[in-house]
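Biologist: Could you take me through one part of this model at close range? I would like to look at the sheet and what packs around it, and then at whatever connects to that region.

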Amino acid sequence: MAQRVALAGSTGSIGTQTLEVLAAEPDRFELTALGAGGSDVDTLVEQARRTGAKVVAVADVDAAASVAEALPGCDVRAGGEGLESLAEEADVVVNGVVGFAGLGVTVATLRAGRRLALANKESLIAGGPVVQEARRTPGAVIVPVDSEHCAIHQCLRANDNLERVDRLVLTASGGPFRGRTAEQLASVTVEEALTHPTWSMGPKITVDSSTLMNKGLEVIEAHELFGPPAGPDGAGVPLERIDVVVHPQSIVHSMVTTTDGATIAQLSLPDMRLPIAYALAWPDRSTVAVGAMDWTDALRLDFEPPDRATFRCLDLAYAAGRAGGAAPAWLNAANEVAVAAFLAGRCRWSDIATIIESTLDALEPDPLTTLDAVLAADEHARSVAEAAVRTTEETR
Ligand code: NAD
Ligand code: MG
């Protein structure tokens, strides 16, 4: 029988690539429900018509009315609750929402005991303890879509005993500004930051890749996803055993080093359809090859350490991850505010790290064990970060 799939964030980069994966194996997957934010209603309506999905959710309540009008016969649901209800329609939910807004889908899917194909890393970073608890629901399982974590997930299957994992090694492309000095980076434009050398993605994660915050968030994501040994916060591999290496070709998607000194890696061309298909087909494998390497060609792969002094966001993330509790939620919120301000032309690229750092200086520690506490921490951190953006604007 075909697996029933629900897709949150269907109009984005992950969303549209998920629809391609589903269309390539129609006997295997049935799209039952899709949903998005509401800024691109026409695409959402077109997707619902094309796929025949019977349930459509729109996070923006005002936009939901026009979607319902355009899709008679469809069950159109509005608001955050509408998006969260998609889990009821499916065996597996793909969370391709961008940012903290994806938290509801992550938690609702796990609490409903469904499989979560997770692209939305922000929910895991901001809501760590709450997500870990939801993950203990019978039937709930996370299969990562983020390419690095999907690679590690695959590497870990080559090793029965997780106690024998020594290090997780996340690869980073280095982004568009790899090799540049702080002086050269003082005047980079939005357009330059949005030009990624190896991946085509939504604007927020593309800016995160340019600052290395994406890799910082992924370090925390790896800590939350993989274990044992369990840390004090219920998460897995400790941060001091998670490394980052810059690998400009984006062919090695990440690696695991075991206690005997072996390193296991996953290699393929940079194509998100592979990790999406992996998370959908798990524990089986997709039969449609995407991103396969041609090993008859000559090939060179490079690896170098990240420039942590110039790309300060990476170590800000390590520090927030080590602090735990509310710190990753504050880091995430400050980053979302700073990136939005940069994209809106309100601050410079180099201000992003400064805004995050000054926000974290005002951190109010909290164990963040309830969803309400996570929402409150996010809101508080956003107001602190917004004030930091205004200070930056005034001093320009
Ligand atoms: P995107 O900007 O292209 O798409 C975002 C989607 O989220 C859209 O469908 C939008 O309608 C929806 N959305 C926005 N605000 C919403 C809200 N308030 N409520 C509900 N839906 C909302 O983003 P993307 O590049 O596809 O990234 C999505 C997620 O996947 C991010 O967390 C990103 O870090 C992660 N990710 C993306 C890639 C990639 O290749 N694009 C790779 C790895 C991880
Ligand atoms: Mg990634």
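Modeller: Happy to, and please keep in mind that this is a predicted model. Let's begin with the sheet itself. Four strands form an open sheet in the order β9-β8-β10-β11, and their pairing is mixed. β9 and β11 (263–267) are the edge strands, each pairing on one side only. From one strand to the next, the twist averages 20 degrees.

Now look at the pair β8 and β10. Strand β8 (residues 165–172) runs antiparallel to strand β10 (residues 252–258), and five bridges join them. A good place to rest your eye is valine 169, which stands opposite methionine 255 in β10. Helix α8 (residues 147–156) packs on this sheet and touches β8, β10 and β11. The direction of α8 makes about 40 degrees with that of β10.

Cysteine 155 is worth a stop here. At 3% relative accessibility, cysteine 155 is buried. Its sulfur has the sulfur of cysteine 150 as its closest cysteine neighbour, but the two are 9.6 Å apart, too far for a bond because a disulfide needs sulfurs within 2.5 Å.

From the edge strand β9 we can move on to helix α14 (residues 313–323). The buried residues of α14 pack against β9 (242–246), and also against the helices α11 (203–211), α12 (213–225), α15 (327–343) and α16 (351–361). Which residues of α14 are buried? They are Cys313, Leu314, Leu316, Ala317, Tyr318, Ala320 and Gly321. As background to such a list, an α-helix has 3.6 residues a turn, so residues three or four places apart point the same way. Just after the helix, α14 is followed by glycine 324, whose phi is positive, near 65 degrees.

Cys313 brings us to a second cysteine question. The closest cysteine sulfur to that of cysteine 347 is in cysteine 313, yet the distance is 11 Å, too far for a bond. Cysteine 347 is buried as well, with a relative accessible area of 4%. A search of the whole structure finds zero disulfides.

For another piece of helix packing, turn to helix α2 (residues 41–51) and helix α3 (residues 61–70). Their axes come within 10 Å and cross at roughly 35 degrees, and the crossing is right-handed. On the α2 side, Val41, Leu44, Val45 and Arg49 meet Ala63, Ser66, Val67 and Ala70 of α3. The residues of this contact divide into six nonpolar, one polar and one charged.

How values were computed:
Residues numbered from 1 in each chain as written. Chains lettered and ligands numbered in written order. Predicted model: local features only at pLDDT ≥ 70, side-chain atom pairs only at ≥ 80, totals over all residues. Heavy atoms only, no water. Buried < 20%, exposed > 50% of the residue type's maximum accessible area, 1.4 Å probe, protein only. Helix = DSSP H or I, 4+ residues; strand = E, 2+ residues; numbered from the N terminus. Contact = heavy atoms within 4.5 Å. Axes fitted to C-alpha atoms, helices over the stretch in contact; angles between N-to-C directions. Left-handed = near helix turned anticlockwise from the far one by under 90°. Nonpolar A, V, L, I, M, F, W, Y, C, P; charged D, E, K, R; others polar. Pairing = 2+ DSSP bridges.
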